[in-house]
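The following exercises are to be worked through with the sequence and the three-dimensional structure at hand. Each task is followed by a stepwise solution.

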Amino acid sequence: MNNLQWLDEVKFNEQGLVPAIAQHHQTGRVLMVAWMNREALALTAEKNQAVYFSRSRNKLWHKGEESGHFQTVHEIRLDCDADVIILQIEQHGGIACHTGRESCFYRKLTANGWEIVDAQLKDPNQIYGEQAANAHTLAMSQSKAQAEQVEVLAYLGQMMSERKTANPDSSYVAKLYHKGLNKILEKVGEETVEAIIAAKDFNTEANANNKNDLIYEVADLWFHSIVMLGYFDIEPQVVLNELARRQGLSGLVEKANRSH
């Protein structure tokens, strides 16, 4: 497929990603859910093999490159909102989940809570090797934590947007927006000073109370900085994207680039 204009119709999120559901092409069972960026989706269509984007490792992930459990793609579908992909796939080895099961959805909600209802077909240590299996589990845990952090930022961004037009008496943030930019900047300045004082206190006496105070004051500073961004209709995720862009870039080089 040489013409890649079809990719323009896919609504990737602010991180440039779209969720991809892998479904067995014969039984229809959902085997796993992962993420794709534009390049991963293009490669999947080109190779007819599933290529995803690993958020924890920040790189393309050819499914099966470590386990041998490749996924042959029979069909790619896009949902009505153009923001979810379904892959109709043939799962080589019959195992899609890193736990050694056919599907990642092997737990069922019952009266006793979540119960494992699918048998483990192969020990992950046999699939990846013990060290690699442990590393894979850690990476999955980190990926979940990162997703939760992004959700917090998205929630705060949405909250700022709503508070800007809300009744000033309805919330602290709405009152700040009503008072205008100078009041918001004043609060950012106050929180900056308080964070500096907390840092100096913690440096003088590194105890648990001073550590908690520093964390609390930095959280206040970040929060009011997000309020400031919201005043200009800037989503907090944009700042996170900028930090991600700087990864692997020398601080001196980055500073020099800004000076031009």
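Strands (E, at least two residues) are DSSP runs, numbered from the N terminus, and two strands pair if DSSP finds at least two bridges between them. The model is predicted: local features need pLDDT of at least 70, side-chain atom pairs count only at pLDDT 80 or more, and totals for chains, interfaces and linings use all residues. Residues are numbered from 1 along each chain as its sequence is written, and side-chain values use heavy atoms, with hydrogens and water left out.

**Exercise 1. The sheet**

Determine the order in which the four strands form an open sheet, and state which are the edge strands.

Step 1. The order is β2-β1-β6-β5, with mixed pairing.
Step 2. β2 (30–36) and β5 (71–78) each pair on one side only and are thus the edge strands.
Step 3. From one strand to the next, the twist averages 25°, where axes are lines fitted to C-alpha atoms and angles run from 0 to 180 degrees between N-to-C directions.
Step 4. β5 and β6 (residues 85–91) run antiparallel and are joined by seven bridges. Arginine 77 has isoleucine 86 in β6 as its bridge partner.

**Exercise 2. The cysteines**

Explain why cysteine 97 has no bond to cysteine 104.

Step 1. A disulfide is a covalent bond between the sulfur atoms of two cysteines; the criterion here is a pair of cysteine sulfur atoms within 2.5 Å.
Step 2. The cysteine sulfur closest to that of cysteine 97 belongs to cysteine 104 and lies 3.8 Å away, which is too far for a bond.
Step 3. Across the whole structure, the search finds zero disulfides.
Step 4. Accessibility is classed as buried (under 20% relative accessible area), exposed (over 50%) or partly exposed (in between), with a 1.4 Å probe and protein chains only. Cysteine 97 is buried because its relative accessibility is 3%, whereas cysteine 80, at 78%, is exposed.

**Exercise 3. The aromatic rings**

Classify the two aromatic pairs of the structure.

Step 1. Rings of Phe, Tyr and Trp (its six-membered ring) pair if their centres lie within 6.5 Å; planes under 30 degrees apart count as stacked, over 60 as edge-to-face and the rest as tilted.
Step 2. Tyrosine 52 and tryptophan 61 have ring centres 5.3 Å apart and planes at 45°, so this pair is tilted. Both residues are buried.
Step 3. Tyrosine 231 and phenylalanine 232 are edge-to-face, at 5.1 Å centre to centre and 80° between the planes. Tyrosine 231 is partly exposed at 32% relative accessibility, as is phenylalanine 232 at 47%.
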